[in-house]
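Student: I have a model open and would like to go through some of its packing. Can we take it one question at a time?

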Amino acid sequence: MHNWPKALTGNAARLLGRLGLLALPACFQLREPEPAATASEWIQPTQIDILLANFTTAVQSVNVGNYERIFSGPDYRFVPDPTSAGSSPALFANWSVPEETTYFSSLRRRTATGTANTLTLIGRRDQLYTTDSAEVSALYQLKITQQDTAFRAGLLQGNIRLILRRRNNEWRIVSWRDQRTTPGLCWTDLKKYFSSH
């Protein structure tokens with residue numbers, strides 16, 4: 001072994017330590033931090049009103065993470081407007097949370113940063129079945145602002161009927177039935193288009 005002067009050994013050790021620290025980032029895959037608004041928009045849905053506020057906010061800000069959290073998981077089902085489903089009944093046969101996430105992520109990719117949609121629920125009616133289950137229905141107007149010029153509808157209208165369940169003191173959507181109320185497009189048309197584009 002070499003007999004290095006003690007001061008030189010200390011400098012060499014510090015240099016090796018610094019080189020090791022410089023190599024650390026190469027060991028991990030760094031990702032962009034989530035915007036601060038992503039987490040702050042979510043409120044624990046201990047009440048139906050809070051769940052619907054989370055739903056509205058997620059749709060308006062096209063927040064995929066919070067949108068996905070609204071649904072109950074494997075039990076969730078979407079029932080499309082039959083006219084809009086039309087020639088694609090198989091598309092909606094087993095529509096669940098992954099399909100919700102797929103279409104909503106596609107919509108997110110075609111929405112400019114800083115752009116917001118507008119969702120208005122009109123004439124909301126709540127029916128409580130038990131302390132842990134309820135139905136909410138309302139007319140909706142959804143104004144979409146996105147960049148895919150092949151999907152021209154800016155305003156979607158219809159009737160939304162949601163079945164809600166509470167588990168572990170949090171409300172979630174377990175079923176969503178959509179029904180058009182005008183000759184124009186409804187939410188089913190939006191899901192149908194962006195699930196494949």
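Student: Which residues does Trp 187 touch, not counting residues up to four places away in sequence?

Tutor: This is a predicted model, where local features need pLDDT of at least 70, side-chain atom pairs count only at pLDDT 80 or more, and totals for chains, interfaces and linings use all residues. Residues are numbered from 1 along each chain as its sequence is written, and side-chain values use heavy atoms, with hydrogens and water left out. Contact means heavy atoms within 4.5 Å. On that basis Trp 187 touches Phe 55, Val 59, Tyr 103, Leu 119, Tyr 140, Leu 142, Leu 156, Ile 160, Trp 176 and Asp 178.

Student: How do α7 and α8 pack, roughly parallel or roughly perpendicular?

Tutor: Helices are DSSP runs of H or I, at least four residues, numbered from the N terminus. The axes, lines fitted to C-alpha atoms over the stretch in contact, are 8 Å apart at an angle of about 80°; angles run from 0 to 180 degrees between N-to-C directions. Because 65 to 115 degrees counts as perpendicular, α7 is to α8 roughly perpendicular.

Student: Is Ser 106 of α7 buried or exposed?

Tutor: Buried means under 20% relative accessible area and exposed over 50%, with partly exposed in between (1.4 Å probe, protein chains only). Ser 106 has 1% relative accessibility, so Ser 106 counts as buried.

Student: Which residues is Ser 106 in contact with, leaving aside its neighbours within four places in sequence?

Tutor: A polar atom of the Ser 106 side chain lies 3.3 Å from the backbone oxygen of Phe 194. The contacts of Ser 106 are Phe 194 and His 197.

Note on methods
Polar contact = N/O pair within 3.5 Å; in protein donor to acceptor, adjacent residues only side chain to side chain. Helix = DSSP H or I, 4+ residues; strand = E, 2+ residues; numbered from the N terminus. Parallel < 35°, antiparallel > 145°, perpendicular 65-115°, else oblique.
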